Amino acid sequence: MSAELPWHAAYPSPRGAAPSISREELLQWITDGKEGGKDFLLVDLRRTDYEGGTIQGSLNLPAQSLYPTIPTLYSLVSNSSVKYVIWYCGSSAGRGTRAAGWFADYLEDQNDKDVKSLVLTGGIKGWAAAGPEYTSLMNGYDASVWAK
């Protein structure tokens, strides 16, 4: 018997690592209304572990279905005022870094230097653990999920 391959094995590995953004910096962007709050897009990559809340304004695009939709997402982003796409999952150590890398690769392939792909350091777990200043900016926040 062979071991089942992980979902991401069907896709190429990102060519490089995308830069990260700290939760402190993202909090400032949100609370200061960076460019009216319209110049960044938050993408929550969770699927089966999508519980406990999400950062306000995030789009839920499960990582398992993301890769084939990157051209469509890019088309939407490039025809908007979005300058940063910020990716996160539970801890942003697997899906978050992979998605940010894939999108960064796509931006490079399009020779797009105006949009940046960033990964949220610590993911949603780090965000939820950082205290009320952060959890107050979550939709559907459920403290019992994060107490596990």
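Arg46 is buried in this predicted model, with a relative accessible area of just 1%. Its salt-bridge partner is Asp44, and Asp44 is buried too, at 0%. Both values count as buried because the cut-off is under 20% relative accessible area.

Asp44 also has a place in the sheet: it stands opposite Tyr88 in β5. Strand β2 (residues 40–44) pairs with strand β5 (residues 84–88) in the parallel sense, over five bridges. Helix α1 (residues 23–32) packs on the sheet and touches β1, β2, β5 and β6 (116–120). The direction of α1 makes about 125° with that of β2.

Now zoom out to the whole sheet. It's an open one with five strands, in the order β1-β6-β5-β2-β4, and the pairing is parallel. β1 (20–21) and β4 (59–60) are the edge strands, so each pairs on one side only.

Back to the salt bridges: a search of the whole structure finds five. Here are three of them, with the distance between the closest N and O atoms.

| Pair | Closest N and O atoms |
|---|---|
| Arg46 and Asp44 | 2.7 Å |
| Asp109 and Arg15 | 2.7 Å |
| Glu108 and Arg15 | 3.9 Å |

What does the pair of Asp109 and Arg15 tie together? Asp109 lies in helix α3 and Arg15 in the segment before β1, so the pair ties together parts that are 94 residues apart in sequence. Glu108, also in helix α3 (residues 95–109), is 93 residues from Arg15. Glu108 counts as exposed at 56% relative accessibility, and Arg15 counts as exposed at 52%. Through shared partners, salt bridges join Arg15, Asp105, Glu108 and Asp109 into one network.

Notes. Residues are numbered from 1 along each chain as its sequence is written. This is a predicted model: local features need pLDDT of at least 70, side-chain atom pairs count only at pLDDT 80 or more; totals for chains, interfaces and linings use all residues. Side-chain values use heavy atoms; hydrogens and water are left out. Two strands pair if DSSP finds at least two bridges between them. Helices (H or I, at least four residues) and strands (E, at least two) are DSSP runs, numbered from the N terminus. Contact means heavy atoms within 4.5 Å. Axes are lines fitted to C-alpha atoms, for helices over the stretch in contact, and angles run from 0 to 180 degrees between N-to-C directions. A salt bridge is a side-chain nitrogen of Lys or Arg within 4 Å of a carboxyl oxygen of Asp or Glu. Buried means under 20% relative accessible area, exposed over 50%, partly exposed in between (1.4 Å probe, protein chains only).
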